[in-house]
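Q: I am new to this structure. Please take a close look at one helix and walk me through its surroundings.

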Amino acid sequence: MINTRAICAKILFAVLDEKQSLSNCFVPFTENLNAAQKGQCQDFCYGVLRQYAKYNYCINQLTHSKLKPDLNQVRYLIAIGMYQLDQNRVADHAAIAETVEGCRQLKLDKLTGLVNAVLREYQREYDTLLEKLNLLPADVQTSHPAWLSKLLKQAYPKGWKKIIKANVQQAPMWLRVNVKKQDSETFQQTLRDADISFHPDKNQAATLLLEQACAVEKIPGFFEGSCSVQDKAAQQAALLLAPKAGEKILDACAAPGGKSAHILELANDIKLDALDIDEKRLTRVADTLNRLQMKACLIAGDASKPENWWDGQQYDRILLDAPCSATGVIRRHPDILYLRREDDIAQLADLQKSILQCMWPLLKPGGTLLYATCSVLPQENKQQITTFLGNHPDAELIPIFTTESIDDPGWQILPGSQNMDGFYYARLRKKH
Ligand SMILES: C[S@@+](CC[C@H](N)C(=O)[O-])C[C@H]1O[C@@H](n2cnc3c(N)ncnc32)[C@H](O)[C@@H]1O
């Protein structure tokens, strides 16, 4: 019998102890499961990682810190049990019984009594445990490593607590209607007919917020390209780039292709080069575009070495959705809290700087470059653009908002604001 709790304990071990990314290790561990079991594993793994500090604290309290690191799989199994008790989706006795069975499946029969006892005590002592947990600093309660909270406090002395709180909330599901296929109103009617509740965005006709996340299999016409799943913040990229019919455009860091597809949806006859350094990830761009029945020229190459792939014809517009710390999308990828290192930030900032510099000559005079990251750290965003503008007299800022200035360039979206992910955008024009 498959026990999803035992599988999830192994996945969490791969993430927390072996430092593998959740999306990479999830697939091999769950490939033999049916859709419902995979959904349950996703719920357990994401749910526990979002609140791991809480569960870890409670486990230490209840075991008097006697559960040794070589038994971390059991620790993660107990955390899964606690998460189920918190969620109340199954009866408590069933949640505990399944978790104890998970312990057997991990071949740790000797510890079934411990798992059972800790979960029962968690039920009994819940209020006292939470009172004690709430005395810990907010960043500790939400699993934010010290270096990250330091950077957030520096950048947002007033707003950092709101950010870390948003980082551990479950993210909503946004859709982008493929208006090349049908207009938004027609698609909205098909959603209503399928009993899928949603809220149309007030300002963007093609943007819909689902009341409840659902499997894409349930969305009418999804596999025929009716729409895409994309956060509202990510949907700003193509809108801000504002492609026009017939233009030659580069998506410099394109995989998995969400923004490339949106660019193609917004105008006709676009000649789009979709570049990515990772050949394997580029196949995901091909899959995205095939599903939406769109075409682009896919190029495997390094944006900081255009001499190896560029045809010498400048672009009207360039989207540079740069590799970044992803600190704006922690609510979608809670493993970032455990995998990112402080040193990564300076390394990523160097890489972003070098790609931005190498992209600039590829832009036509009068052309637009949109710099984007899903980071909330000024080191990767505002500071990057301020330095670039200082070093490139032929670059000017095209403000996204009237309040934007070269001293405070770009649009920093914070996670949770209008239900969006954290993103940064800055729009630059090359002077004639
Ligand atoms: C934030 S993701 C892009 C997401 C994508 N724009 C979308 O909306 O689907 C960053 C991408 O940059 C790629 N990348 C990293 N370094 C690169 C480089 N030097 N040149 C080109 N692509 C790079 C990564 O492989 C990754 O796919």
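A: Here is a close look at helix α6.

This is a predicted model, where local features need pLDDT of at least 70, side-chain atom pairs count only at pLDDT 80 or more, and totals for chains, interfaces and linings use all residues. Residues are numbered from 1 along each chain as its sequence is written.

Helix α6 covers residues 92-105. Helices here are DSSP runs (H or I, at least four residues), numbered from the N terminus. The expected span of a helix is 1.5 Å times one less than its number of residues. For the 14 residues of α6 that gives 20 Å, and the end C-alpha atoms are 20 Å apart, so the two agree.

Now the sides of the helix. The buried residues of α6 are Ala-95, Ile-96, Thr-99, Gly-102 and Cys-103. Seen down the helix axis, these buried residues fall within an arc of 115 degrees, so they line one face of α6. The arc is that of the directions from the helix axis to the C-beta atoms. Buried means that 20 or more other C-beta atoms lie within 10 Å of the residue's own; exposed means 12 or fewer, with partly exposed in between, and C-beta atoms are placed from the backbone.

What covers the buried residues? Among the covering elements are α1 (4-16), α5 (72-87) and α7 (112-133). Contact means C-beta atoms, placed from the backbone, within 7 Å. On the other side of α6, His-93 and Ala-94 are exposed.

Last, the end of the helix. Lys-107 follows α6, and its phi is positive, near 65 degrees.

Terms used:
Helices (H or I, at least four residues) and strands (E, at least two) are DSSP runs, numbered from the N terminus. Two residues are in contact if their C-beta atoms, placed from the backbone, lie within 7 Å.
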